[in-house]
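Hi everyone, thanks for coming. Let me put the structure up on the screen, and then we can walk through it together.

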Amino acid sequence: MQLQEKSLNKKVWNKMAQEWAVGIPIIRPSKMEVALYEECLQKIIHKRGDKIKALLLGATPELRDLLAKYKIKTTLADINPNMIKAMGELLEYSDGKEDVVIANWLKIPSKSNEFDVVLCDHGIHHIFFEEWGNFFKEIKRLSKNGGYVLNSVVTVEEAEKLDLEQIVDVYRNNIFTLENRWYYAYRFCCGLKDIENKRFYKNLAEMNLQLRNFLKQGKISQKEFNFLELPFAISEFKFVMPTKEEVDEISAKYFKIKSVNVSFAHPMLTCHKIYFGQFEK
Ligand SMILES: C[S@@+](CC[C@H](N)C(=O)[O-])C[C@H]1O[C@@H](n2cnc3c(N)ncnc32)[C@H](O)[C@@H]1O
C-alpha cells in the first residue's frame, strides 16, 4: 500500500482548513489539555535545559504557540500544506516560522537522534492501528536517547458503548452541552463495527447518518437533530479509537510511559489521554 494511502481523511483536512477557526475541543485542544502539555514541557525543560529541539506532528496552532512561548526550536511535520497555512492564521504567539516538513509521519525526511521532544495532538488516530508500531518506530528514530514524547490519544472503554436511542434519551432527560455531544459521539462510535477490516477503525460521522434516518422516521425533532448533529460537513471522518489497554500495551513497546495525563474538567476530556513518555535507546 502506497505511503500516501496510509494517512486518513486527506480530503477532510482541506475542508477542515477552512473551518478550523470555528472548531471546538475535540478538533482543537482545550485550555485544560494545553495546560497538561505545558506541565510536561516544563518538566522536560527542567531536565534538559531550554535549548531543546521539538518535533511537532500536525499543525495544531495551540501547540505551536506553546512551543514558541518557551522559545523552543521547532520542526513542524504535516502532510497537508493547506492545513499548515490555515493553522498559521490562528497563531497568537508563534511567528509561524518553524522549520516545516511536508511529509507523512510514517516517513519523515529528518535526521535520526535529532529531537528532545516529539509532540502529537490527536494525530495518531488518523493512522491505521496496524501502522501504530511504525509510527512509534519513526518518532523513536527521530528522538534523541532519553528524548520525550507527548502523544494524545482518544480512547473510550468497552463498557461505555451506547446506541443512538440511548443517547437521544440522555439528551432529552439531561442538560446537554456541546462537549456532551462529542462525548456521546465517542461512546456511540466506540460501539460501531470496525470498518474495512481495520482494528478500531470507525467513522465518527456515522452518528450524523443515523441521526438523519431518525429524523426521517420522526423519532427525533428537527431541533434535536440540529443540536445532536456533529459539525462535519462531510459523511466520513474516519478515526482509529482503541481501548486504553491497547494503547498502553503498544506505547510501552516503544517508550517508557511516565504518565497518562487527563483533564477531568468534562467527561469528554477524560477520553483525551496525553501520554507522556521517554525513549530509551
Ligand atoms: C494533528 S491532527 C489533529 C487534528 C484534530 N485535533 C483531530 O482531532 O482530528 C491534524 C493534522 O494532522 C495532519 N495529518 C493527518 N495525518 C497525517 C499523516 N499521516 N502524516 C502527516 N500529517 C498528517 C493533517 O494534515 C492535519 O493538519
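So, how much area does the chain expose, and what share of it do carbon and sulfur atoms supply? The chain exposes about 12,800 Å², and carbon and sulfur supply 52% of it; areas come from the Shrake-Rupley method with a 1.4 Å probe, and for residues only the protein chains shown count as cover.

A word on the source: this is a predicted model, where local features need pLDDT of at least 70, side-chain atom pairs count only at pLDDT 80 or more, and totals for chains, interfaces and linings use all residues. Residues are numbered from 1 along each chain as its sequence is written, and side-chain values use heavy atoms, with hydrogens and water left out.

Now the overall picture. You can find eleven helices and nine strands in the chain; these are DSSP runs numbered from the N terminus, helices being H or I with at least four residues and strands E with at least two. Of the 281 residues, 57% are buried, meaning under 20% relative accessible area, while exposed is over 50% and partly exposed lies in between.

Let's visit one buried spot. S143 sits in strand β5, residues 143-154. Its relative accessible area is 0%, so S143 counts as buried. Beyond its neighbours within four places in sequence, S143 is in contact (heavy atoms within 4.5 Å) with N113, E114, F115, Y148, F279 and K281.

And K256, buried or partly exposed? K256, in strand β8, is partly exposed, because its relative accessibility is 44%. Thanks for listening!

Definitions and conventions:
Buried means under 20% relative accessible area, exposed over 50%, partly exposed in between (1.4 Å probe, protein chains only).
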